Amino acid sequence: MRIIDGSLGEGGGQILRTSLALAAVTGEPFRIERIRAGRKKPGLLRQHLVCVEAAAAISGGLAAGAELGSLTLEFTPGAVKPGRYSFSIGTAGSASLVLQTVLPPLLRASGPSEVSVEGGTHNSMAPTADYLAGCFLPLVNRLGPHARVDLERHGFYPAGGGRATLAIEPAAMTPFDLLTRGSITRTRAVALVSNLPATIAHRELRTVQTAFGLGRDDSEVREVRSPGPGNVLWIECVTGGVTEMFTSFGEKQVRAEEVAQRAIAEAKDWIAADVPVGPHLADQWVLMLALAGGGSFRTGAPTEHLRTNLSVIREFLDVSISLGEVEEGRWVVTVS
Amino acid sequence: MIGIFGTVLDAAEGPRRWERWRPSLSLCQHDDLIVSRFELLHDARSQRRVEALEKDIRSVSPQTTVVGHQIDFADAWGFENVFETLHKFATSYPFDPEREDYLVHITTGTHVAQICLFLLTESRHFPARLLQTSPPRRGQTDRAGQYDIIDLDLSRYDRIAARFDKERADATSILKSGIATRNAAFNHLIENIEKVVGVSRAPVLLMGPTGAGKSQLAARIFSLLKSRHQVKGEFVELNCATLRGDSAMSTLFGHVKGSFTGAMKDRAGHLKTADGGVLFLDEIGELGLDEQAMLLRALETGRFFPLGADHEVESEFQLIAGTNRDLSELVAQGRFREDLLARIDLWAFKLPSLRERREDIEPNLDYELSEFARRTGRRAAFSREAREAFLAFAQSPEAVWARNFRDLSGAITRMCIEADGGRVTVAGVEAERRRLVSAWRQPGRSAKSNEEILNSVLSTEAIAGLDLFDRLQLAGVVEVAKRSRSLSDAGRALFASSRTRRSSTNDADRLRKYLARFGLGWDDLRAR
């Protein structure tokens, strides 16, 4: 039995999600120990349990120790069954975390699948469904398969009530390299508001427009219908190879301009780094390349998340992944 | 989860309600808590708002099933009504603690409801733990806030349990005058007394031979009650054997001026003096029948008539009675009232004799030494050899300790006073040993006659068949054997002088052979 140390590196839910995904991909069981050891609330939380349930559902797997606070979990996957799945998670974690868990095995499945998740779709602690749709999945599709997220209803924390559906058509995956960023062909910004005054969105966009010299055509206010209040701003930078997205969340008692500055700072860091793959994308993208069996990309200094994900991938898959600093602050990750 | 719908905090409408903290909703928003079922108690008027809350709970926590219970308090601030209503809910609810874990949410509802929920949980009508919620702190992005689970089983809290243990240890230490006694039976007895006097105001009866420490224990019980603020009054001690005639009544219950010859002025009497405190009546078996009747009435009603008084006097006191006699035997002889005995022997404790607590002699020796120093301002100490010699004697069957701690205390005090330069020597111990043994040998000291001793081990026919010579010797041997811990112990005591002159020193075997001549074994002496 493969044993994963859940307290390694970043030591959070990422180790668990990657392990679940790759166990389902390989059909091999694993035991994860010391889950989130040393955290204030150690062990499995609700948001982790929904991922375990989803992984078990699509792979006909069995999970022992899937309880709140459990420090050890043993997961034995069965055969991955493509098809229609629906999970209701409430506001425990985020829909995108569940979708990220089931995406790798379903990309390798024998047929198309459709996975709906109801609950939170936009949570500051996870990638948004818009990020999956606008940044991550287009890259996945370049590997060969066809995957798409439809956001039927937004679900903001704390009210939830959203619904996102991931449609996957598997195909052979052909790796490619993302070594140069190329020039940014377009920068645009989107501000979402739900049950809040639209002026918040306008103020955020005005701040982004000033920072990047955007025209009105490149900024969009979206007033969306959702059970609760919510405000999300993101900046999209489109290049030849990749569309990177930088997201920030409106918060009570934080001015709209400040919310905008957070996204602007992240975008500027990425632009200054002159690498195609930003830090958030890097740790998810390496998993896709590992599934494809090759490829490389250039990114900034590796985050703890990236390193942790690499070590979990190496545990499950027979791939070699190298990580090297090619220039100061610019690194190349190569999968072979 | 069982909780009351909070008509103020839980009720909110419009999208902005999500910006507010709602306690019942927050329970279903925690990342480390899954509420499978939420039994939500509400009144008829809240029906619609409860349905709205249910919908919100479903949105944030699809794993939670909300079950509404319409309960209407006639008066949500009336204790009796709220308690009754919640009690009815608790007793009719099909709890299954083997399979389910219950939490009672006490943050919502009126304060009266919260108190009732607490009481019903504490009394295990709700076999649950309490749960308290609080709103998110300023700047916290997590909207669920905090929750705390309070388990009313206080033994689960290490620090609280440690504090209780210490309190109990302190209390038993007070009762033992700080002496680290080792006798398990005695220590158990003290723990029981500590438990009883902690919760009951009923009379306590201390039984035991003269000098076993009844009087001292009574005083220590008073100190304990005083330290816990359970008594306000005085400790009043009286030996009933000293009461005679008219003055007996007067001493106990008081009198008014002129009630009898010599009653020059009012006298309060011991019962009144002990009001709010502790009255210790030692040798209660010696109390006259008239006084017994008065005492019984005073215990039952808290009132009594002083001698010659027209009006009753009130006094609330904790009675501790002491006796070295078998009170039920006195009842049989008509010398003690049965109803009074029934009243005072609810909590009866038998103090063991010093002979039965040989392992406590050493800690008591140290206690007496420090007491001596405290009383006289002079320190006295035993040389190592003297201490060993004294303890060896004190724990041997030769030491009868006829008057128990009184003898021990007296012996130590004498040795200390006679010690040159405050040093008790082997010679001093030897002199005291001879003094004690001779005092215990005096006629009349022996509690039982030779006849009684032999009757306890042999049949009348068997005794009749013995010469007086053998009867006298056997009675002495049996008496020593009976207070010895083992056959070897008894042998050592009986053959102490000759053993130094013999090459073989199997005293036990010698004793066994002697007893066998009368058809007696070691067990025969112990069993009866």
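This is a short tour of a predicted model, with stops in chain A and one in chain B.

**Start with chain A as a whole**

Select chain A and switch to cartoon. You should be able to pick out eight helices and 16 strands. The chain has 336 residues, and 57% of them count as buried. Put a surface on chain A if you like: its accessible area comes to about 13,000 Å², and carbon and sulfur atoms own 48% of that. For the contact-map fans, take the contacts in chain A between residues at least 6 apart in sequence; 72% of these join residues at least 24 apart.

**Next, helices 1 and 3**

Select residues 13-26 of chain A for helix 1, and add residues 95-107 for helix 3. A quick reminder before you look: a packed pair of helices is described by the angle between the axes and the distance between them. Here the angle is about 25° and the axes of helix 1 and helix 3 are 7 Å apart. Angles under 35 degrees count as roughly parallel, so helix 1 and helix 3 of chain A get that label. Their crossing is right-handed.

Now show side chains. On the helix 1 side, go for Arg17(A), Leu20(A), Ala21(A), Ala24(A) and Val25(A). They meet Leu97(A), Thr101(A), Pro104(A) and Pro105(A) of helix 3. Color by residue class and this contact splits into seven nonpolar, one polar and one charged.

**Keep helix 3, swap in helix 7**

Hide helix 1 and select residues 279-292 of chain A, which is helix 7. How far apart are the axes of helix 3 and helix 7? They sit 11 Å apart, and the packing angle is about 15°. Helix 3 and helix 7 are therefore roughly parallel as well, and their crossing is right-handed.

Who makes the contact? From helix 3, show Gln100(A), Leu103(A), Pro104(A) and Leu107(A). From helix 7, show Gln284(A), Leu287(A), Met288(A) and Leu291(A). The tally for this contact is six nonpolar, two polar and no charged. Pro104(A) is worth a label, since it appears in the contact with helix 1 and again in the contact with helix 7.

**Zoom in on Gln284(A)**

Stay in helix 7 and center on Gln284(A). Buried or exposed, would you say, for Gln284(A)? Its relative accessibility is 8%, so Gln284(A) counts as buried. Leaving out residues up to four places away in sequence, Gln284(A) touches Gln14(A), Gln100(A), Phe136(A) and Asn309(A).

**Then the backbone oddities**

Time to look at torsions. Most peptide bonds are trans, and most residues other than glycine have a negative phi. The next three stops depart from that.

- Select Tyr157(A) and Pro158(A): the peptide bond joining them is cis, with omega about 5°. Pro158(A) is in the loop between strand 7 (146-153) and strand 8 (162-169) of chain A.
- Select Asp274(A), which is not a glycine but has a positive phi of about 55°. You'll find Asp274(A) in the loop between helix 6 (256-273) and helix 7 of chain A. Asp274(A) is partly exposed, at 39% relative accessible area.
- Jump to chain B and select Asn404(B), another non-glycine with a positive phi, about 55°. Asn404(B) lies in helix 15 of chain B, residues 404-418. At 2% relative accessibility, Asn404(B) counts as buried.

Notes
Residues numbered from 1 in each chain as written. Chains lettered and ligands numbered in written order. Predicted model: local features only at pLDDT ≥ 70, side-chain atom pairs only at ≥ 80, totals over all residues. Heavy atoms only, no water. Axes fitted to C-alpha atoms, helices over the stretch in contact; angles between N-to-C directions. Helix = DSSP H or I, 4+ residues; strand = E, 2+ residues; numbered from the N terminus. Parallel < 35°, antiparallel > 145°, perpendicular 65-115°, else oblique. Left-handed = near helix turned anticlockwise from the far one by under 90°. Contact = heavy atoms within 4.5 Å. Nonpolar A, V, L, I, M, F, W, Y, C, P; charged D, E, K, R; others polar. Buried < 20%, exposed > 50% of the residue type's maximum accessible area, 1.4 Å probe, protein only. Areas by Shrake-Rupley, 256 points an atom, 1.4 Å probe, with all protein chains shown as cover.
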